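Here are a few exercises to work through with a structure viewer open. Try each task before you read its solution.

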Amino acid sequence: MNSSYLLGRSFGVRESGGVHNLPTELLSYVFELVTHTLSQDERNTLGSGQQGLPFHPQTIKAPVWLSAVNRCWRHVALSTPSLWTSIFVSVDNIVDYGGDERNSSSFCGSKRLLDVESLAYFLLRSGSCTLDIFIDGRDPEWDFPNYLDSDDADDGRPSAQHPFDAQIMTHILDILSHHVYRWRSMTIFSDTWAPLRAALCCLSVPRVGQGSFSNSRRGASCLETLKLMQCDEYNIRNEHFGSGVLKEPITTPFAALAGYPDGPSSHVLPARLRSISLCGAHVNWSDFTRFISGTWSGLSNRIENLELSYHHRDVRPDVTAFQRILEGCANLRSLILKHSGPQWVGRTPQGPSVPLPRLETLHLVFDSVEEAALTMSTLCCPSLKALTLEDGTEAPGSPNDASLLLIYCGTGALRTPPRPGNDSTHDSLSCFPHSESRSNVPLFPSVQALTLEYVSASCSIPYALLLAGLPNLRRLALRHVSKYAFGSLLPQPVFCDWDITSDIRTLIPCTRLESIEATHTETGVYSILGSILRERAKLGAPRIPEVMLRLEGGHCSVPGPTGLAYEEITCLDVVKTSERDAEHFD
């Protein structure tokens, strides 16, 4: 990173003073900080969630730069194994092979070779330290449309080969397999499915006599994080695998990571594994159920973070397998489902919901509202703290009506959502009995943060029912939602059918709110939100300390002098952006 260059430049002139007078142990610690401590800009580069990187790619350059300053620094750098623990392999490590193209015995095809010098150097210098491994098979210059339109070969690979192919991936993992007992995190990104499938094969099928996957008695005993991701999100969701070999799921997934402490007849899976992420990578889900539930011993109830994302319906687990996967994650704290989840053939709830008593974060991205509601019905998570619902439909002009999902999350009822009509009762909650709009036992009583992104509804009732079912809500984010969502913050008349008498009460939703973050494409939302907050204050609702409104779109402008009178909105940001968001809601 830049700090290593500045450090060397500042003290490289006078070797007799400054940092050169530090004891070796302290200088080694400074080098560790230079290598592994990130600036704010570098943290932003890493990202978070699905696209998050295990370490900054510049981490691999810092120890090289430090060791090149002078003889003393080189000695300290080479004597500090912790500087060399970030293993990074990318398309930059692939070189064109100009030899005999007729040589079919070449391990990576006729024209490309893996430059292993840097990889071997880091593996040697890292000693016995645990390793963070990032295999980045993405090519910035790869043209996805050409890949899709080209004539595919019989094995599913495109005629125009991606530079990071399956054989390159296999060769990398063959080398790394000798150090499997030192793996702490393994992250693999790929533009195409074939290399990722090759990686799954290496991690799942021990090959006797090749590498050390099948020879290690300890296995991946230090492994904590495992992430495999195919990065072409759009085409993953729309790709039909057909009946080719690439559709066939990998059996006994990740069995090659097992250790054999008592010989070949026994095996123990990585006991430290806490986080698994499969994005665009499918396996034999029945075998994965056995892996994640600890049936093979070693993993039972240890997984805390699980992500299943971007799986075509043809390769998703069935409902039974999905429920068993969750049952094997009783201590799950974070669950991410993006265009994934179970296959809903009959589209009816099957069996009781799976208890996840420690789940705190749930992120659901859906393209079918009905399937999303059914998927939510399989979960029982009373301790949930943060809930994110996102409509991932690629049809900005006609968003889904997510009323069914919103109503279920607020009431626990899978019922047909109300439709606006001539009857004015459809514009309020007065048509719902108290037992349905305010359940005695809400589904998510502990939720403090709610994010709705591109989630549309035909009226304000579904939004209001959702908010009414979140009594402890503190933070609300409404991003590109229908304007009806803002109306749900107004006090609502609710019909209360008590045992002795029945009446209509006015309830103020979300009285514990501390912040609202809203993003929209219409300037008029400023007035709508401001007037709603003012109306809440008149009826005695506590003031919301932070209200941030972001207006996006080419046709947005700063509201006039009258609009700026809403002091309830503490922050207003107007930005220019693409027309996509502007078209989502008219």
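The exercises go from the whole chain to one helix pair and then to a few single residues.

This is a predicted model, in which local features need pLDDT of at least 70 and side-chain atom pairs count only at pLDDT 80 or more, while totals for chains, interfaces and linings use all residues. Residues are numbered from 1 along each chain as its sequence is written, and side-chain values use heavy atoms, with hydrogens and water left out.

**Exercise 1.** Work out what share of the chain is buried and how many helices and strands it has.

*Solution.* Start with the DSSP runs (helices are H or I, at least four residues; strands are E, at least two; both numbered from the N terminus). That gives 19 helices and 20 strands. Next, call a residue buried under 20% relative accessible area, with a 1.4 Å probe and protein chains only. Of the 586 residues, 51% pass. Last, take contacts (heavy atoms within 4.5 Å): among those between residues at least 6 apart in sequence, 79% join residues at least 24 apart.

**Exercise 2.** Describe how H13 and H14 pack.

*Solution.* Two packed helices are described by the angle between their axes and the distance between the axes. Fit the axes as lines to C-alpha atoms over the stretch in contact, with angles from 0 to 180 degrees between N-to-C directions. For H13 (residues 369-377) and H14 (residues 403-411), you get about 20 degrees and 8 Å. So H13 is roughly parallel to H14 (the cut-off is under 35 degrees). Now list who touches: H13 brings Val369, Glu370, Ala372, Ala373, Met376 and Ser377, and H14 brings Leu404, Leu405, Tyr408 and Cys409. Sorted by class, that's eight nonpolar, one polar and one charged.

**Exercise 3.** Find out how many residues of H13 are buried and what covers them.

*Solution.* Count first: eight of the nine residues in H13 are buried, among them Glu371, Leu374 and Thr375. Then look around them: the cover includes helix H12 (319-327), strand S9 (334-338), strand S11 (361-366) and H14.

**Exercise 4.** What is the sign of phi at His339 and at Tyr454?

*Solution.* Most residues other than glycine have a negative phi. His339 has a positive phi of about 50 degrees, and Tyr454 has a positive one near 60 degrees. Place them next: His339 is in the loop between S9 and strand S10 (354-355), and Tyr454 is in the loop between strand S14 (449-453) and helix H16 (461-468). Finally, check accessibility: His339 is buried at 4%, and Tyr454 is buried at 8%.

Key: Buried means under 20% relative accessible area, exposed over 50%, partly exposed in between (1.4 Å probe, protein chains only). Angles under 35 degrees count as roughly parallel, over 145 as roughly antiparallel, 65 to 115 as roughly perpendicular and the rest as oblique. Ala, Val, Leu, Ile, Met, Phe, Trp, Tyr, Cys and Pro count as nonpolar, Asp, Glu, Lys and Arg as charged, and the others, Gly among them, as polar.
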